[in-house]
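Trainee: I should like to work through this entry residue by residue and element by element. Please answer each point with its reasoning.

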Amino acid sequence: MRAAAFSDLTGPDGVSIINQPTPEPDRGEAVVSVDACAINRHDLWILEGDSAMVDTDDLPFVSGLDVAGTVDAVGKGVTAVEPGDRVVLCPNETCGTCRYCREGPENLCENFSLYHGGLAEAARVQADRLVTLPDGVETVDAAALPTAYMTAFHMLRRVDAGPGDLVFIPGVTGGVGVAGVQLAAALGADSVGTSSSAAKLDRVESLGLDYAIESTDPDEIREAVTDIGTVDGVLNHLGGEYTQVGLDVLRRGGRMAICGRTAGGTSEIDIPDLFLGHKHVIGSTMGTQGDLERLVGLVADGELTPEIDQTYSLDETGGAFAAMQDRDSVGKLVVTP
Ligand SMILES: NC(=O)c1ccc[n+]([C@@H]2O[C@H](COP(=O)([O-])OP(=O)(O)OC[C@H]3O[C@@H](n4cnc5c(N)ncnc54)[C@H](OP(=O)(O)O)[C@@H]3O)[C@@H](O)[C@H]2O)c1
Ligand SMILES: [Zn+2]
């Protein structure tokens, strides 16, 4: 089978097509014929050599977390799915035995890791991580859900977003950002978000963004959000200097969930403002398989349509990463092997 592998960790030019033996399922596993695999900033970090997870000894490396397709074969002991089932993978990998796996939620697992291998014609996965797709849910839409939508969904729950709340999302045009807007709307909350691009903001407004701020300047953003209203919750996937902006506009007792570091892995924060304002800063990673099942249900019910900027063939995978690197897209980029 063909796979789009990272052969060099030098950015989008490091993607090349390789041939690998078609995988066979071991006990508890399934092999999925991949219709669609969304890419994430997480894959791009690896491809740019900016991740401790993969180094040059591991090359070629097949990344890709968000797999959707049709079950081709199952290993011994698998009863939940069978060949022919249309499925989407929850890419969480958990040990099942630690205190957090026992008490939940599962994404707290102390041995938590993520599946990689979806940027290929076939993917060998843990069968009990597959969620079956109801008729009417396209595999391309399903592939958009796991990482971006699960993460945004979990963050909205962590910040207690509800009807009438205002949620602030710096960097609102990407995978997590657009998911945050659509899911905040589904919860009855308003959203305010930022981007460097007026054209991209127009598109996100058409998807439900209530207030758009075209700026990357922290001071300008702080002032613009303050003029709009008091923020009840912040979804922060940028980090860097945007963390303090989020805290500045957050109401007393409000919550900020942080899942990423696109703009910087460290942030300086005003400690007195934090404690005098009773503000919460919450780390958040991915979501639970139950979250993914709920998201699939929302799509099946017509309440959510994941935003897909473009699909790419396997041969065009490098181009998909170039579009992400160039900040040239809205929502998700999906490879369709
Ligand atoms: N912890 C977790 O479980 C988890 C899960 C998913 C994602 N994440 C993290 O969340 C972040 C977002 O992921 P994603 O897949 O949604 O990425 P993405 O689609 O590439 O996000 C694009 C957004 O980020 C903004 N952006 C990009 N570079 C920027 C910069 N240097 N300064 C300010 N804004 C910038 C873009 O702004 P413009 O509109 O101006 O171009 C756009 O709004 C990543 O850091 C990712 O690793 C973490
Ligand atoms: Zn565990």
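Trainee: Into which class does Arg327 fall: buried, partly exposed or exposed?
Mentor: The class depends on how many other C-beta atoms, placed from the backbone, lie within 10 Å of the residue's own: 20 or more is buried, 12 or fewer is exposed, and anything in between is partly exposed. Arg327 has 13 such neighbours, so it counts as partly exposed.

Trainee: What kind of model is this, and how are its residues numbered?
Mentor: The model is predicted; local features need pLDDT of at least 70, side-chain atom pairs count only at pLDDT 80 or more, and totals for chains, interfaces and linings use all residues. Chains are lettered from A and ligands numbered from 1 in the order in which they are written, while residues are numbered along each chain as its sequence is written, from 1.

Trainee: Where is Arg327, and what is its phi?
Mentor: Arg327 sits in the loop between α10 and β17; helices are DSSP runs of H or I with at least four residues, and strands are runs of E with at least two, numbered from the N terminus. Most residues other than glycine have a negative phi. Arg327 has a positive value, near 55°.

Trainee: Which handedness has the unit that α10 makes with β16 and β17?
Mentor: Strands β16 (residues 308-312) and β17 (residues 332-335) pair in the parallel sense over four bridges, pairing being accepted when DSSP finds at least two bridges. Tyr312 has Val335 of β17 as its bridge partner. A crossover is right-handed if, with the strands pointing away from the viewer, the path from the first strand over the helix to the second runs clockwise. The unit of β16, α10 (residues 317-325) and β17 is right-handed.

Trainee: Which helix does the chain pass through between β13 and β14?
Mentor: Strands β13 and β14 run parallel and are joined by five bridges, with Ala257 of β14 as the bridge partner of Leu235. Between β13 and β14 the chain makes a right-handed β-α-β crossover, and the helix in it is α7.

Trainee: How many residues of α7 are buried?
Mentor: Helix α7 covers residues 242-249 and is mostly covered. Its buried residues include Tyr242, Val245, Leu247 and Val249. Among the elements covering them are β10 (166-169), α6 (218-228) and α8 (271-276). Of the eight residues in α7, the number buried is seven.

Trainee: Why is β13 described as largely enclosed?
Mentor: On one side of the account, β13 runs parallel to β10, to which two bridges join it; Phe168 has Val234 of β13 as its bridge partner. Strand β13 is largely enclosed by the rest of the structure because the buried residues among its six number six.

Trainee: Which residue of β13 does Ala152 touch?
Mentor: Ala152 lies in helix α3 and is buried, since 30 other C-beta atoms are within 10 Å. Contact requires C-beta atoms, placed from the backbone, within 7 Å. Leaving aside residues up to four places away in sequence, Ala152 touches Val176, Ala179, Gly180, Leu183 and Leu235. The one with a bridge partner in β14 is Leu235.

Trainee: Why do the buried residues of α9 line one face of that helix?
Mentor: The buried residues of α9 are Gln289, Asp291, Leu292, Leu295, Val296 and Val299. They line one face because, seen down the axis and judged by the directions from the axis to the C-beta atoms, they fall within an arc of 150°.

Trainee: How many C-beta neighbours has Met286, in the loop before α9?
Mentor: Met286 lies between β15 (280-283) and α9, and its phi is positive, near 50°. Met286 is buried, and the other C-beta atoms within 10 Å number 23.

Trainee: Which prolines follow a cis peptide bond?
Mentor: Most peptide bonds are trans. The bond joining Leu59 and Pro60 is cis, with omega about -5°, and Pro60 is in the loop between α1 (41-47) and β4 (66-74). The bond from Gly104 is also cis, with omega near -5°, in the loop between α2 (99-103) and β7 (113-114). The prolines are therefore Pro60 and Pro105.

Definitions and conventions:
Contact = placed C-beta atoms within 7 Å.
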